[in-house]
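Dear colleague,

I am passing on the structure below, together with some notes on what I found when going through it. Please read the notes with the structure open beside them.

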Amino acid sequence: MKWLIVLATFVVVGTTVVLFHTLNKEPIVGILLPIDRVNSSLGSRIGFLIALKDLPNDVEFVNIDYTSTNLKKVLERATKKGIRYFVGDNYSSDVSKMGDLLIKTHSILIESMVTNPAVLDKAKYAYTLSPTDDIQAKAIASYLEKKGYKSIAIVKDTSNPEYVNYLSEEIAMDLKNVKPEIVSISKINDIKATPAAFVLIMSAENAVKISKIIKSKFFGSALIGSDRTFNVLLLKNFQAVSGMIVTGFVDTTYLSSKFSEKVTKSDLSLTPRVILCYDALKVAYRLAKNHISAGNSQSYLNTHTFMGAVGNFTFNGKHAITPVYFYKITPFNFNLVWRFGGKSDDF
Amino acid sequence: MIFKKFTLTVLAVTIALSLVGMYFQYKYQVEILERKTALVSNSILEELKNDLSIISNFEIRPYSHLASTEFKGFVLMDLKGKVLHSLDIPLKMIGKYSNMYKYVVLNGMYVSPLNDSDGSPTIFLASNTSDGKYIAGMEIFLAAKHISNAFIIDSTGLGVSLSGKAQWKNMMTLLAKRKNEVFVRGSTLFILKKLDLGGYSVLFDFSIPSILISIFHNDYIFWILILLIVMIYYIHDKATFSRIKPLMDFVNFMKSIDNFKRYEPPKSNEAFFKYNSLVDKSEKMSRDYSNLIEEMSEINSELTQVNHLLIEFSMLFNEVKTNRKDLESALKIALRRMLDFSRTINGIGMRYKDISIHFGTVNDFNFDRENPAKLSMELKTDSSTVKYVISIDRFATAEKTHDMVKTLLYYITSFISMYEMLEQNRSSMRYDPLTNLLTRHEFEENANHELVRAKRENQFLSFIMLNVKDMTGFNEKYGHLNGDVLLKQIAKEITMNSRFTDLSCRYAEDKFMLCLIEMKKEDALGKVKKMISHISTFKHRVEMKYAIASFPSDGEKLDDLLIQLEKGVKEQKKD
């Protein structure tokens with residue numbers, strides 16, 4: 001009898017401890033990073049690392065490494081372990097692979113730089129810190145109209161067809177007073193009359209090449225580049241792109257000095273990607289800490305203010321409300337000249 | 001009794017010995033692992049330093065033997081960032097805007113994070129050459145150490161296995177959240193050694209079960225002995241022990257007095273209660289004392305921060321004074337810094353004239369309605385008021401911190417006051433106080449700009465000089481008060497008859513000037529006649545003279561045009 005009581009006590013205490021441990025388990029945030037393109041994920045690693053050092057320990061963080069071929073399997077394994085919050089700096093194509101699994105497992109994904117609105121709409125619980133392409137298109141169209149350009153040519157490359165086609169068509173639709181001419185990079189010589197402005201939707205490398213051609217053939221035309229052209233490569237080729245305006249999603253004017261110190265102390269460089277990844281991890285942390293379910297995630301994000309590295313921001317639908325910034329390329333730096341969205345449209 | 005005591009003593013000694021043994025075994029095992037880790041990390045560090053010294057002495061030759069590493073490519077640049085020679089190095093890594101150039105200029109050397117070069121891990125090293133004339137860089141392949149449980153990790157948390165196979169692994173959570181060099185995650189013991197070069201570390205992982213098995217294996221004789229003693233003790237009669245229990249309680253109580261700790265007696269009485277309350281009081285005092293010390297050190301660090309902020313603010317506001325930054329941007333930066341000042345400040349905002357700035361949990365709504373949870377302050381400046389709202393954790397914040405925040409706000413307000421006075425002074429220098437038209441100096445400066453613009457855009461520009469004939473006589477006849485009224489009337493007519501883009505000024509005591517943008521001489525003549533006809537309706541008789549000069553027909557420089565105008569007015573006087 002005595003032994004039976006002891007045994008029963010052990011069973012009851014053991015079950016209570018297991019239950020208590022399961023219910024009070026810290027929420028886990030999984031940081032998704034590709035290991036087959038480590039060179040291009042440098043900025044995201046810096047942003048995530050700084051955020052991890054800043055955040056308290058009431059939420060557990062784990063690294064989830066994947067390659068472009070095993071992403072779905074890796075994510076499935078992570079959700080089986082109970083991870084419901086993910087943060088990443090992936091391509092749109094990666095997010096479209098994850099969409100179904102996020103819905104099935106009720107998991108939330110916070111992305112730093114995915115801008116394709118179609119992909120985000122399909123992946124129900126995926127959100128982004130960057131303005132979506134439709135907003136960028138509106139911003140570029142507003143800038144062109146504000147400047148009063150009477151004739152516009154949109155030049156696109158073939159590196160990311162989904163992105164370049166969508167953005168060029170949206171800009172054309174948003175321009176109310178001018179009907180722009182959309183041409184492929186290879187057909188630049190087909191343009192006969194000199195347009196007042198060229199919009200370049202392409203990689204930075206292509207933007208440098210095409211700017212040289214435009215400057216030699218069409219004297220005096222203005223150059224405006226989409227967010228993909230925003231790269232330090234433009235500074236290196238200043239002669240070719242002088243006077244060009246490029247769009248970006250981060251303004252570092254109000255960046256805390258402690259933040260930039262953390263980057264420069266490790267001999268690393270501060271890029272917009274670093275800041276967006278930092279903010280993305282902080283958003284994922286808030287969701288996990290407050291145990292926000294996937295179903296409530298959109299309403300939570302849309303009704304709360306988040307404190308980012310360069311100021312406060314909120315969400316509108318699937319993306320953060322951050323302005324689109326327009327920078328002029330100078331011999332040494334990108335100079336902020338205008339912004340669209342945010343507090344005021346006039347800068 | 002003697003047997004029991006003896007058994008207990010032997011048991012205690014055996015357990016103590018085995019525990020001490022286990023502890024030292026564990027320490028010894030960890031020490032061995034640490035030594036192994038240090039050996040590997042030192043060898044990697046030596047290799048990197050060796051490579052750096054080769055670079056600084058500029059001995060890079062394509063087929064030279066470099067310790068245990070091979071190199072992929074190299075670059076040589078001058079001190080201005082111009083690439084002189086480069087072999088197999090990606091363009092983005094070199095040149096004036098590369099991290100390599102920036103950090104070599106800053107620190108004399110640069111060690112890049114890990115790079116994936118076609119599946120092999122590489123590191124880019126760069127340094128000033130020893131003659132100080134060049135910057136040399138080299139991309140090296142990471143040498144395989146054939147250690148399966150070790151990783152080299154760069155400053156971004158990316159690791160690659162030292163086994164020789166390019167096995168990449170992100171380890172930023174381990175890097176960010178660990179507190180010591182040796183730490184445990186799950187059933188793995190990690191040892192992390194920093195390399196003191198480029199933020200690199202070497203991480204070893206060891207399975208804890210295997211370490212424990214080896215320790216138990218060494219101590220098994222002790223554990224068998226403990227088991228035997230426990231068995232003997234269990235068999236022995238318990239009654240003897242119960243007889244000595246009161247004595248044991250007394251001994252325990254005496255020991256607790258020695259240590260001045262609470263004593264929980266089997267049966268409570270008043271003496272024990274008084275003793276325990278004394279112990280409680282003493283513990284409370286000790287806690288209060290340590291809290292006080294903690295609070296003082298926090299205030300001390302905050303004071304240092306306030307000093308830093310005050311220096312930063314004065315530099316920031318200096319930029320505003322010298323027109324290198326506008327007031328709103330400076331105030332935004334100042335408030336953002338204040339938000340970083342203390343972790344107890346959750347939000348901060350200010351409203352001054354049209355400027356409304358808020359960060360954190362403070363929003364526009366808080367300025368219009370008082371919120372008891374937020375601290376509101378309204379401070380007067382020279383000609384206006386500034387309202388501040390601060391969301392501060394009142395319970396977690398010391399009173400001194402409140403005072404420090406207020407000091408910073410007073411400092412910002414006093415600057416705004418100074419800025420207002422400065423603006424007032426600037427404005428009075430630009431405008432004539434009687435007529436509110438531009439001063440002569442300001443007019444000439446703006447007119448020169450307009451002339452340059454008209455020349456560039458091939459536009460007309462007309463200047464009119466208006467002069468009151470015999471102003472001295474008018475003053476003597478009708479008094480200086482009436483003279484001032486007349487000048488104001490003329491200024492009013494000039495303002496009403498000029499467009500927003502035109503420039504007008506009081507040129508001398510009785511002379512006025514007008515610069516009409518994109519206007520021909522004929523149109524300017526019509527305008528001046530209209531103005532004079534309006535002025536002639538003044539209550540006292542007044543005669544006006546005028547002259548018109550146009551760009552480019554009458555001259556291309558402002559001085560030439562002014563001479564023409566003066567001459568024109570003088571000739572009209574003679575007539």
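Strands β10(B) and β11(B) form a hairpin in which two residues lie between the strands, and G186(B), which sits in the turn, has a positive phi of about 65 degrees. Please keep in mind throughout that this is a predicted model. The two strands of this hairpin run antiparallel and are joined by four bridges, and within the pair V184(B) stands opposite L189(B) of β11(B).

On the next pairing, strand β11 of chain B (residues 188-194) is joined to strand β12 of chain B (residues 201-207) by seven bridges, again with the strands running antiparallel. Here I191(B) stands opposite F204(B) in β12(B), while K193(B) stands opposite V202(B) in β12(B). The hairpin made by β11(B) and β12(B) has six residues between its strands, and among these residues' surroundings one backbone angle deserves a look, since D196(B) takes a positive phi near 55 degrees in that hairpin.

Both hairpins belong to a wider arrangement, namely an open sheet of six strands in chain B with the order β9-β8-β7-β12-β11-β10, in which the pairing is antiparallel. The edges of this sheet are formed by β9 (168-170) and β10 (182-185) of chain B, each of which pairs on one side only, and the twist from one strand to the next averages 30 degrees. As a general reminder, strands of a sheet pair through backbone hydrogen bonds, either parallel or antiparallel.

Turning to chain A, how do the axes of helix α3 and helix α4 cross, and at roughly what angle? The axes of α3 (residues 71-80) and α4 (residues 92-105) of chain A come within 10 Å and cross at roughly 25 degrees; because angles under 35 degrees count as roughly parallel, α3(A) and α4(A) are therefore roughly parallel to each other. The crossing in which α3(A) passes α4(A) is right-handed.

As for the residues that make this contact, L71(A), K72(A), L75(A), E76(A) and T79(A) on the α3(A) side meet D94(A), K97(A), M98(A), L101(A) and T105(A) on the α4(A) side. Sorted by character, the residues of the contact of α3(A) with α4(A) comprise four nonpolar, two polar and four charged.

With best regards

Key. Residues are numbered from 1 along each chain as its sequence is written. Chains are lettered from A and ligands numbered from 1 in the order in which they are written. This is a predicted model: local features need pLDDT of at least 70, side-chain atom pairs count only at pLDDT 80 or more; totals for chains, interfaces and linings use all residues. Two strands pair if DSSP finds at least two bridges between them. Axes are lines fitted to C-alpha atoms, for helices over the stretch in contact, and angles run from 0 to 180 degrees between N-to-C directions. Angles under 35 degrees count as roughly parallel, over 145 as roughly antiparallel, 65 to 115 as roughly perpendicular and the rest as oblique. A crossing is left-handed if the near helix is turned anticlockwise from the far one by less than a right angle, and right-handed if clockwise. Two residues are in contact if their C-beta atoms, placed from the backbone, lie within 7 Å. Ala, Val, Leu, Ile, Met, Phe, Trp, Tyr, Cys and Pro count as nonpolar, Asp, Glu, Lys and Arg as charged, and the others, Gly among them, as polar.
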